[in-house]
Amino acid sequence: GASMTLFEAVGGEPTFRKLVDEFYAGVATDPLLRPMYPEEDLGPAADRMTLFLMQYWGGPNTYSAQRGHPRLRMRHAPFRIGAAERDAWLLNMRRAVDRLDLEPEIAGTLWDYLERAAYFMVNVEGDP
Ligand code: HEM
């Protein structure tokens, strides 16, 4: 119904876990993105991203209970994110979203947000 959150509509936590697992499987072999991640194990980063997205879309607030206010732009400040990094991030995320086989309208809503958020995270002007 109209009061259902996107979190519920897509099937809750397992769907977000799958989305982020697929995304990080791509990051693991991405020559531009992989070196940006400070930790050797991508598992904890995947967990933070999963919990953040669950919370954003109306699921439990576990992310903020563990990490505080998201302040995502501030948290990305240590990383150099230009157009190339943004586009690599979006390419991996697009593949991950497609693998969920969501209803087109829901996939569109999710994608619009992810695309806007990725543009918002850019913190380096111009092209490399
Ligand atoms: C953290 C890269 C966009 C959500 C990180 C980290 C890196 C990174 C290197 C540190 C890994 C870690 O958690 O230890 C990038 C790049 C992006 C991008 C290159 C390209 C635009 C986004 C977007 C979102 C997002 C669009 C949300 C929709 C997160 C979250 C964390 C994180 C939730 C963990 C924050 C924390 O609690 O510390 N990102 N990111 N990122 N990113 Fe991104």
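1. A good starting point is helix H3, which has 14 residues: at 1.5 Å a residue it should span 20 Å, and because its end C-alpha atoms are 20 Å apart, the two values agree. The expected span used here is 1.5 Å times one less than the number of residues in the helix, and helices are DSSP runs (H or I, at least four residues), numbered from the N terminus.

2. Before going further, note that this is a predicted model, in which local features need pLDDT of at least 70 and side-chain atom pairs count only at pLDDT 80 or more, while totals for chains, interfaces and linings use all residues. Residues are numbered from 1 along each chain as its sequence is written.

3. Which residues of H3 are buried? They are Thr50, Leu51, Leu53 and Met54, where buried means that 20 or more other C-beta atoms, placed from the backbone, lie within 10 Å of the residue's own. These residues cover an arc of only 165 degrees around the axis, which puts them on the same side of H3; the arc is taken from the directions that run from the helix axis to the C-beta atoms. The buried residues of H3 pack against helix H1 (6–9), H2 and helix H4 (62–67), and H3 is followed by Gly58, whose phi is positive, near 100 degrees.

4. Helix H6 can be read in a similar way, beginning with its buried residues, which are Glu85, Ala88, Trp89, Asn92, Met93 and Ala96. They cover an arc of only 125 degrees around the axis, which puts them on the same side of H6, and what covers them includes H2 and H7. The face of H6 turned away from this buried side carries Asp87 and Asp98, which are exposed (12 or fewer C-beta atoms within 10 Å).

5. The largest nonpolar core has 15 residues, of which Phe16, Leu19, Val20 and Phe23 touch the most other members; such a core is a set of buried Ala, Val, Leu, Ile, Met, Phe, Trp, Tyr and Cys residues joined through C-beta atoms within 7 Å. Helix H2 (13–27), H3 and H6 each give two or more residues to this core, and the largest share, six residues, comes from H2. Leaving aside residues up to four places away in sequence, Val20 touches Ala46, Met49, Thr50 and Leu53, with contact taken as C-beta atoms within 7 Å.

6. Finally, the ligand is surrounded by 21 residues, the closest being Ala45, Arg48, Phe52, Trp89 and Ala117, and a residue is counted when its C-beta atom, placed from the backbone, lies within 6 Å. The largest share of this shell, four residues, comes from H3.

Key:
Contact = placed C-beta atoms within 7 Å.
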